[in-house]
Amino acid sequence: VWSSVVVCSNMAASSFEKNVNFFRGWVCLFITVCSIGIITMRPKSLFYWMYPDCFERTGWPGLVLALLFFSYLALDSLVAFIWRSQFRRPMKSVHVHHWMVCAGILGYLRPSPPRGFFVYLWGEALTACRVLPPVHRWYARSVVFGFRRLLWSYLLLRDVSNFRRIGQSFGLVVAYLPPMCCVVLLGLDCKWWREHSSSLPHIETEPKVTEKDPSEQDVLVICP
């Protein structure tokens, strides 16, 4: 008879980090769902080469959601800076991500963000996966990583194609931000994918010596 042992290469997370990640997950789940809702109100805005709806202003709902996302990123960076010792992973790439995205939000904020801006927020589905149980979370994040690569490539093509119009509407500096964000996010995703794939739960088998000894019974160790 063989017992299964599921192991993970990551060291255990502190209770502080688990609580922060759980909070991140629920906030990003809300942001992702709302951003999908804004796009589905005008789904043809995704076909930017045919319709100009991606430049349509979203009014106060879009403004409130963008400000909420900005506040979340700023607060998350502050927590990660003050309590750096409580986190296992290096946080430099997280800070780069947060502050670049914050710059993009500020560029599109007034008077309200265009509808096409909220496609970027779909990428927060990766953090939203943190609300799932550990094993389900790992597989869900694997799928989302693939989706994000397609998403950043789509947005890079869209924003380069509309570079002149974005510059006329929001200024030349703001027009450079979306392509830069896409390139940086593609690079960060490669780094984060390596971290993610190294935490792959894998199954090892070993003989069970005796049913009477509880120390030799099936053990389940899940990635935190």
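# Helix packing and selected residues in a predicted chain

Glu17 lies in helix 1, which spans residues 15–40. Helices (H or I, at least four residues) and strands (E, at least two) are DSSP runs, numbered from the N terminus. The model is predicted: local features need pLDDT of at least 70, side-chain atom pairs count only at pLDDT 80 or more, and totals for chains, interfaces and linings use all residues. Residues are numbered from 1 along each chain as its sequence is written, and side-chain values use heavy atoms, with hydrogens and water left out.

## The chain as a whole

Seven helices and three strands form the secondary structure of the chain. In sequence order the pattern is β-α-α-α-α-α-α-α-β-β. Of the 224 residues in the chain, 43% are buried. Buried means under 20% relative accessible area, exposed over 50%, and partly exposed in between (1.4 Å probe, protein chains only). About 12,300 Å² of the chain is exposed, and carbon and sulfur atoms supply 69% of that area. These areas come from the Shrake-Rupley method with a 1.4 Å probe; for residues, only the protein chains shown count as cover. Among contacts in the chain with a separation of 6 or more, 81% are between residues 24 or more positions apart. Contact means heavy atoms within 4.5 Å.

## Three residues of helix 1

Besides Glu17, helix 1 holds Phe16 and Phe30. The table gives their relative accessibility.

| Residue | Relative accessibility | Class |
|---|---|---|
| Glu17 | 3% | buried |
| Phe16 | 26% | partly exposed |
| Phe30 | 47% | partly exposed |

With neighbours within four places in sequence left aside, Glu17 is in contact with Gln86, Phe87 and Arg88. On the same basis, the contacts of Phe16 are Val79, Trp83, Gln86 and Phe87. Phe16 and Gln86 are 70 residues apart along the chain, and their C-alpha atoms are separated by 6.7 Å. For Phe30 and Leu65, 35 residues apart along the chain, the C-alpha separation is 9.7 Å.

## Helix pairs

Two packed helices are described by the angle between their axes and the distance between the axes. Axes are lines fitted to C-alpha atoms, for helices over the stretch in contact, and angles run from 0 to 180 degrees between N-to-C directions. Angles under 35 degrees count as roughly parallel, over 145 as roughly antiparallel, 65 to 115 as roughly perpendicular and the rest as oblique. A crossing is left-handed if the near helix is turned anticlockwise from the far one by less than a right angle, and right-handed if clockwise.

Helix 2 (residues 59–82) packs against helix 3 (residues 92–108) at about 155 degrees, and the axes are 10 Å apart. Helix 2 is therefore roughly antiparallel to helix 3. The crossing of helix 2 with helix 3 is left-handed. On the helix 2 side the contact includes Phe69, Phe70, Leu73 and Asp76, and on the helix 3 side it includes His95, His98, Trp99 and Ile105. By class, the residues of this contact are 12 nonpolar, four polar and one charged. Ala, Val, Leu, Ile, Met, Phe, Trp, Tyr, Cys and Pro count as nonpolar, Asp, Glu, Lys and Arg as charged, and the others, Gly among them, as polar.

Helix 5 (residues 134–161) and helix 7 meet at an angle of about 160 degrees, with an axis distance of 9 Å. The two, helix 5 and helix 7, are therefore roughly antiparallel to each other. They cross in a left-handed sense. Among the helix 5 residues in this contact are Trp138, Arg141, Arg148, Arg149, Trp152 and Asp159, while the helix 7 residues include Pro178, Pro179, Asp189, Trp192 and Trp193. The contact of helix 5 with helix 7 divides into 14 nonpolar, four polar and five charged residues.

Helix 7 (residues 172–197) also packs against helix 6 (residues 163–170), at about 135 degrees with the axes 7 Å apart. That angle makes helix 6 oblique to helix 7. Helix 6 passes helix 7 in a right-handed crossing. Helix 6 contributes Phe163, Ile166, Gly167 and Phe170, which meet Leu172, Val174, Ala175 and Tyr176 of helix 7. Seven nonpolar residues, one polar and no charged residue make up the contact of helix 6 with helix 7.

## A cis peptide bond

Arg110 and Pro111 are joined by a cis peptide bond, with omega about -10 degrees. Pro111 is located in the loop between helix 3 and helix 4 (125–128).
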